[in-house]
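User: I'd like to go through the labels on this one and see what backs each of them up. Can you take my questions in turn?

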Amino acid sequence: MTLGMEILEGLNPAQQQAVETVDGPLLIIAGPGSGKTRVITHRIAYLVRVRDVLPYRIAAVTFTNKAAREMKDRLQRLVGTLSDALTVGTFHSFCAQLLRRDGAHVGISPNYTIFDADDQLTLIKQAMELAEIDPKHFPPQAVRSTISKAKSVLLDSHAFARNQQNYFEERCARVYHHYEELLARNNAADFDDLLMRSVQLLQENQEVREKYQERYHYLMVDEFQDTNVAQYRLARLLAEERHNICVVGDPDQSIYSWRSADIRNILSFQHDYSDATTISLEQNYRSTGKILAAAKQLISANGIRLNKDLFTDNDQGKPVTIHEAYDEGEEASYVIDEIARLVREEKLQRGDCAVMYRVNAQSRALEEACLHRGMKYRLVGGVRFYQRREVKDLMCYLRLLHNPLDEVSLARVIGVPPRGIGAKTLRDMADWAQRENIPLYTTMQRLATLHASGETLPVSLTSRAVNAITDFVEMIDRLVDFASKLPVVDLIDRVLEDAKLEQYFKRDEGDLEGGRGEERWENIRELRTTAQEFNAEEPPNGLATLLERLSLVADVDGYEESGESITLITLHQAKGLEFPVVFIVGLEEGLLPHSRSMESEEELEEERRLCYVGITRAQKLLYMLRAFRRGFMGRNGPTLASRFLRDIPQELMSPAHPRDKEIAQGVLSGGGTQDTLATPAPRTISRRIKDSADAWETVSSPAPARLALNLGDLVRHTVFGEGVVTGWEPDAGDVQVTVEFRDGVGVKRLLLSFAPLEKIEE
DNA sequence: TCCTCATAACTTTTT
DNA sequence: GTTATGAGGA
């Protein structure tokens, strides 16, 4: 028993307890930076090395690929090659493999295709047509998300139809029914199916259920607060035999409820396993005292939460740097310049710095600033690799070869490159296939055979179309044959060659678009490189694993942890990561919190948690930025400071920003975003009393002035140039406006009725 | 059948 | 500022 006890070294008492509590259900509430991953990995190492559990009997499920990869790496270091036999993966990849092996029992054959959100939408549209429901009245996207939500709570089309609550759901139920049939006909599963059908399989098939229950003696679930009903049910099914289930989570970091994650799973866990041990990890090893204090203060504004008492022994550190920029361009420049300064003066590496934002679109300005200043950056996520057109094109070829029933891929591939088979021909063939109840591709094969033997065709098609179909079928048949014989990379090369894709992808459309074709080809090469990983597998398997990887792993990029590049990342994706220096940009009402999440208190609390996640990523330095103006779907508009900035105590900020506080409090309590200075509605604003940091007095609205201005308006001053209105306050019957001028002129306070100001219209 | 051009409609967050 | 759709012409 003494062997391997070093596994417990360096762990605090709570962590040690979590590692050693291996029998029976265990709930670990892990605050940010509390060594969660460390505990999970050491717990597995403890099982393997101290308790002599076969690695084969242990499964750890995570939420993201990144988390799975990190866990694998750490386990490799802890237990060496023993880690190879561990099951470590995301829920989705676990299920994908489960279905590949045993899906036949629920009507899914091993070569099934995984449909992504785009494919799903294509199929939903088809289903709506079959259900005769007008996509103008019912947006396919909305239908898709309704069906997706239904699946995440394990409602199949029949159960959903019984549960419908309103007219929209009644319509959705009809679509759902057809959609389910179409998936079956395509031998395909969507993301939600991976979970739902796996649960179905385990529930309905005793043999399969027992196989997995007997195999896994220990189960661990990471990021438990982000699991949905289906995922939780799956975990319970797997752990039913021995109840050795350990779930780790932090309700304060639950940021995926929009994807049907259900924090109530934590409560359910305590209910379902009434003998569960609960352990809280509250010591933070990651952040400075001030950063942690800011985070705690922010999150305490949320109503519904389990109270934790986070603390740290780390240094207090520096206050949170607040910067208010003119617009997103200036915001980005500030960030990049500041990083350059940190690298120069504080001996930091560029790789130590991360910039986080709410929506992907915000990365643009940052990228431009990086390019402009020669700052290397790594963009995480963004337009996902497999979503790029050419990548998806090639993928669809491969999917079709693997699963000829996949008509979504077939329909796409048939026009890449254009080969004279257009929408009309496709539709005619599909209609005929439908009538004969034969798969589309089989139909095409038949047409080709009939044509070759000179017989008359049962469909009226031009001879040009029939020739094109014959050629196409010949090519695909040949490639399907190769798919079962050639290593996957060679197969890809054959596809590229036979389908004449190289010249198609490389073609430079447009005149000035130099290099677009090269870029496309580069992406294809990258896909080919990824395929090399699977080249050694027996022919059809290599293709299968490649396709699975491409469907389930969002970013193919190598995730090089090079110290040379800064990281640009969304707040969602940043969860689970940490950086010495973190910049959070776009702290504005409507962005963070996002305008689509401001309807309800629950949504707002989730936005706050998202902000909390961002703050708690920072180890040493934290910057929070906002811009007074932000480009927003084409046009530029004024912004308001995020309410989250107000939640952070001034004494933790640098500089403390009373002005910001004024804007937030004054305007928000007034209720409108369009506060016109000239015609203020009767209301009160808060104003800081001179020279006393925390005293506020209430004053009444100013008298109307001659110039109508909004906060955020662009103005021109005859001397100071252009600037933006960032604040205002009443001043002896007049209005004093605060204007932040560009080009280093700085902030000026001006009397509205005297200052030579004019408003610049957009 | 395929391509070009115009316009509309929109963008959270991800497996 | 983008990307998805549609009309019209080659």
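Analyst: Sure, here are the labels one by one, each with its value and its cut-off.

Analyst: First, the ground rules: this is a predicted model, where local features need pLDDT of at least 70 and side-chain atom pairs count only at pLDDT 80 or more, while totals for chains, interfaces and linings use all residues. Residues are numbered from 1 along each chain as its sequence is written, chains are lettered from A and ligands numbered from 1 in the order in which they are written, and side-chain values use heavy atoms, with hydrogens and water left out.

User: Why is Asp52 called exposed?

Analyst: Exposed means over 50% relative accessible area, buried under 20%, and partly exposed in between (1.4 Å probe, protein chains only). Asp52 has 64% relative accessibility, so it counts as exposed. Asp52 also has a positive phi of about 55° although it is not a glycine, and its place is the loop between α2 (36-49) and β2 (58-62). Those element names come from DSSP runs: helices are H or I with at least four residues, strands are E with at least two, numbered from the N terminus.

User: And what makes Lys347 exposed?

Analyst: Its relative accessibility is 78%, so Lys347 counts as exposed. Lys347 is another non-glycine residue with a positive phi of about 55°, and it lies in the loop between α14 (328-345) and β10 (353-357).

User: Which residues are joined by cis peptide bonds?

Analyst: Val416 and Pro417 are joined by one, with omega about -10°. The bond from Leu592 to Pro593 is cis too, with omega near 5°. Pro417 is in the loop between α17 (407-413) and α18 (423-436), and Pro593 is in the loop between β13 (579-584) and α26 (601-615).

User: Which residues are around DNA strand C?

Analyst: Lys125, Arg364, Met633 and Gly634. A residue is near a strand if one of its heavy atoms lies within 4 Å of it. By class they divide into 1 nonpolar, 1 polar and 2 charged. Here Ala, Val, Leu, Ile, Met, Phe, Trp, Tyr, Cys and Pro are nonpolar, Asp, Glu, Lys and Arg are charged, and the others, Gly among them, are polar. Of the strand C atoms within 4 Å of the protein, 38% belong to sugar or phosphate and the rest to bases.

User: How do you know that Lys125 makes a polar contact with DNA strand C?

Analyst: A polar contact is a pair of N or O atoms within 3.5 Å. A polar side-chain atom of Lys125 lies 3.2 Å from a phosphate oxygen of DNA strand C, and for Arg364 the distance to a phosphate oxygen of that strand is 3.4 Å. Both pairs fit the cut-off.

User: How many aromatic pairs are there, and why is the one between Phe138 and Phe168 called stacked?

Analyst: The whole structure has 12. Rings of Phe, Tyr and Trp (its six-membered ring) pair if their centres lie within 6.5 Å; planes under 30 degrees apart are stacked, over 60 edge-to-face and the rest tilted. Phe138 and Phe168 are 5.9 Å centre to centre with 25° between the planes, which fits stacked. Phe138 lies in the loop between α5 (117-130) and α6 (140-152) and Phe168 in helix α8 (residues 167-185), so the pair ties together parts 30 residues apart in sequence. Phe138 is buried at 13% relative accessibility, whereas Phe168 is partly exposed at 25%.

User: What makes the pair of Tyr256 and Trp258 tilted?

Analyst: The planes are 45° apart and the centres 5.6 Å, so the pair counts as tilted. Tyr256 is buried, with a relative accessible area of 8%.

Conventions. Polar contact = N/O pair within 3.5 Å; in protein donor to acceptor, adjacent residues only side chain to side chain.
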